[in-house]
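Me: I would like to learn how to read the interior of a protein model, and I would be glad if you took me through it one feature at a time.

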Amino acid sequence: MVQIDRSIASAEVMKKYLIGSVLSGGGSVPAKEASAKTWINMVNEFQKGSLSTRLGIPMIYGIDAVHGHNNVYKATIFPHNIGIGATRDPELVKRIGAAPALEVRARGIPYTEGYLYTSAENELKYFYW
């Protein structure tokens, strides 16, 4: 499967090149101060291109929402995971994880990068690459 950035995606590109996934990385937005409707329409257009291929396989749309749905205008932004972990409050961590999930799904996006839950003393072992 090939994943491309939102900035080069279109219904035509999805169909012609059989793209399997599109990602909105940091700052990759459909328009400045884009509304939820703008996001939904954009994702749906890409999906139409994917579904119009011979096999009709839907694409996967993803977004960088590690600290909240930060690509969306007026979204709530959260601290880095080390700061959230420092609260030692599992219920707060759960609520913080749920907030961007709701915001992302409300814009028709089924996949997101998410928090990596680690403790401070183990953090480095997850970043060895």
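Me: Which residues touch the most other members of the largest nonpolar core?

Reply: A sensible way to read a core is to ask who belongs to it and then which elements supply the members. In this predicted model, the largest nonpolar core holds 18 residues, and those that touch the most other members are Met14, Val22, Trp39, Phe46, Met59, Tyr61 and Ile109. Helix 2 (36–51) and strand 3 (60–64) each supply at least two residues of this core, and the largest share, four residues, comes from helix 2.

Me: What is Ile109 in contact with, leaving aside its neighbours within four places in sequence?

Reply: Here one follows a single residue outward to its partners. With those neighbours left aside, Ile109 is in contact with Trp39, Val43, Tyr61, Gly62, Ile63, His69 and Val104; among these partners, Trp39 and Tyr61 are also listed with Ile109 as residues that touch the most other core members.

Me: Is Ser50 buried or exposed?

Reply: Relative accessibility is the value to consult, read against the cut-off of under 20% for a buried residue. Ser50, whose place is in helix 2, counts as buried because its relative accessibility is 2%. When residues up to four places away in sequence are not counted, Ser50 touches Met14, Ile19, Gly56, Ile57, Pro58 and Met59.

Me: Which residues line the second largest pocket, and how many of them are nonpolar, polar and charged?

Reply: A pocket can be read through its volume, its lining and the classes of the lining residues. The second largest pocket encloses about 200 Å³ of space, and it is lined by Met14, Leu18, Ile19, Gly20, Ser50, Thr53, Arg54, Leu55, Ile57, Pro58 and Met59, a set that by class comprises seven nonpolar, three polar and one charged residues. Ser50 thus appears again, as one of the lining residues.

Me: What pattern does the protein chain follow along the sequence?

Reply: For the overall arrangement, one counts the elements and then reads their order. The protein chain has four helices and four strands, in the order β-α-β-α-β-α-α-β. Of contacts between residues at least 6 apart in sequence, 58% join residues at least 24 apart, while buried residues make up 35% of the 129 residues.

Me: Which elements have the lowest and the highest mean pLDDT?

Reply: Confidence should be consulted before any detail is interpreted. The protein chain averages a pLDDT of 83, with 88% of the residues scoring at least 70; among its elements, strand 4 (residues 111–113) has the lowest mean, 76, and helix 1 (residues 11–17) the highest, 97. Over residues 123–129 the pLDDT is below 50, and this stretch has six contacts in the model beyond near neighbours in sequence. Where pLDDT is low, predicted coordinates should not be read in detail.

Definitions and conventions
Residues are numbered from 1 along each chain as its sequence is written. This is a predicted model: local features need pLDDT of at least 70, side-chain atom pairs count only at pLDDT 80 or more; totals for chains, interfaces and linings use all residues. Side-chain values use heavy atoms; hydrogens and water are left out. pLDDT is the predictor's confidence in each residue, from 0 to 100. Contact means heavy atoms within 4.5 Å. On a 1 Å grid over the protein atoms alone, a cavity is a set of points where a 1.4 Å probe fits but cannot get out, and a pocket is an open set with protein on both sides within 12 Å along at least five of seven lines; lining residues have an atom within 4 Å of a point. Grid points are joined across faces, edges and corners, and a volume is the space filled by probe spheres set on the points. Ala, Val, Leu, Ile, Met, Phe, Trp, Tyr, Cys and Pro count as nonpolar, Asp, Glu, Lys and Arg as charged, and the others, Gly among them, as polar. A nonpolar core is a set of buried Ala, Val, Leu, Ile, Met, Phe, Trp, Tyr and Cys residues joined through side-chain atoms within 4.5 Å. Buried means under 20% relative accessible area, exposed over 50%, partly exposed in between (1.4 Å probe, protein chains only).
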